[in-house]
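Please open the structure in your viewer and display it as a cartoon, with side chains available on demand. The tour proceeds by selections, each followed by a description of what is found there.

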Amino acid sequence: MTLAEMQQMTVNHWNKHFRGQTQKMGQEEVLKQALACARLTRKEMDDLKGIGLDEETAWTEARNLYCLAPPPKSGHLQTAR
């Protein structure tokens, strides 16, 4: 799964389940934060693959930590680089 696909899945999830919060964040910040979550997910997936998990299993495990978590609260925004 690419970073762009992870980012879009995160945005879709947030817009569906956390609509009020994403509206307060604004589209640019939502995209920025979703990309940060995608990067963290990819890193976690790579670490899991390093201990023997396949791509699909690593995705299933890692996505819940970042991509399917609630978006960051307003005023507490941080972006992973």
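The stops below cover helix packing, the nonpolar cores and several individual residues. Please bear in mind throughout that this is a predicted model.

**Stop 1: helices H1 and H3**

Select H1, residues 3-17, together with H3, residues 27-50. The axes of H1 and H3 lie 8 Å apart, and the two helices pack at an angle of about 125°. That angle makes H1 oblique to H3. The crossing of these helices is right-handed.

Now show the side chains at the contact. From H1, display Leu3, Met6, Gln7, Thr10, Val11 and Trp14. From H3, display Val30, Leu31, Gln33, Ala34, Leu35, Cys37, Ala38, Arg39, Thr41, Arg42 and Met45. Coloured by class, the contact of H1 with H3 comprises 11 nonpolar, 4 polar and 2 charged residues.

**Stop 2: two residues of H1**

Keep H1 in view and select glutamine 7, which belongs to this helix. Is glutamine 7 buried or exposed? Its relative accessibility is 18%, so glutamine 7 counts as buried. Beyond residues up to four places away in sequence, glutamine 7 touches Leu31, Ala34, Leu35 and Ala38.

Next, select histidine 13, also located in H1. Histidine 13 counts as buried because its relative accessibility is 18%, below the 20% cut-off. With residues up to four places away in sequence set aside, histidine 13 touches Phe18, Cys67, Leu68 and Ala69. Draw a distance from the C-alpha of histidine 13 to that of cysteine 67: the two are 54 residues apart in sequence and 8.0 Å apart in space.

**Stop 3: glycine 20 in H2**

Move to H2, residues 19-25, and pick glycine 20 within this helix. Glycine 20 has a relative accessible area of 40% and is therefore partly exposed. Between glycine 20 and glutamine 33 there are 16 Å from C-alpha to C-alpha, for a separation of 13 residues in sequence.

**Stop 4: helices H3 and H4**

Return to H3 and add H4, residues 55-63; the axes of H3 and H4 come within 9 Å and cross at roughly 130°. H3 and H4 are therefore oblique to each other. The crossing in which H3 passes H4 is right-handed.

Which residues of H3 meet H4? They are Thr41, Arg42, Glu44, Met45, Leu48 and Lys49, and on the H4 side their partners are Glu55, Ala58, Trp59, Glu61, Ala62 and Arg63. Divided by class, the contact of H3 with H4 has 5 nonpolar, 1 polar and 6 charged residues.

**Stop 5: three residues of H3**

Select arginine 42, which lies in H3. Arginine 42 is buried, since its relative accessible area is 18%. Apart from residues up to four places away in sequence, arginine 42 touches Met1, Leu3, Met6, Lys49 and Glu55.

Select glutamate 44, placed in the helix H3 as well. At 24% relative accessibility, glutamate 44 counts as partly exposed. Not counting residues up to four places away in sequence, glutamate 44 touches Ala62, Leu65 and Tyr66. The C-alpha atoms of glutamate 44 and proline 71 are separated by 18 Å, with these positions 27 residues apart along the chain.

Then select aspartate 47, again in H3. The relative accessible area of aspartate 47 is 41%, which means that this residue is partly exposed. Aspartate 47 and proline 71 are 23 Å apart, C-alpha to C-alpha, and 24 residues apart in sequence.

**Stop 6: the nonpolar cores**

Hide the other side chains and select Met6, Ala38, Met45, Leu48, Ala58, Trp59, Ala62 and Cys67; these 8 residues form the largest nonpolar core. H3 and H4 each supply at least two residues of this core. A second, separate core has 6 residues, among them Val11, Met25, Val30 and Ala34.

Finish on methionine 6, a member of the largest nonpolar core. Leaving aside its neighbours within four places in sequence, methionine 6 is in contact with Met1, Ala38, Thr41, Arg42, Met45, Trp59 and Cys67.

Methods: Residues numbered from 1 in each chain as written. Predicted model: local features only at pLDDT ≥ 70, side-chain atom pairs only at ≥ 80, totals over all residues. Heavy atoms only, no water. Axes fitted to C-alpha atoms, helices over the stretch in contact; angles between N-to-C directions. Helix = DSSP H or I, 4+ residues; strand = E, 2+ residues; numbered from the N terminus. Parallel < 35°, antiparallel > 145°, perpendicular 65-115°, else oblique. Left-handed = near helix turned anticlockwise from the far one by under 90°. Contact = heavy atoms within 4.5 Å. Nonpolar A, V, L, I, M, F, W, Y, C, P; charged D, E, K, R; others polar. Core = buried A, V, L, I, M, F, W, Y, C linked by side-chain atoms within 4.5 Å. Buried < 20%, exposed > 50% of the residue type's maximum accessible area, 1.4 Å probe, protein only.
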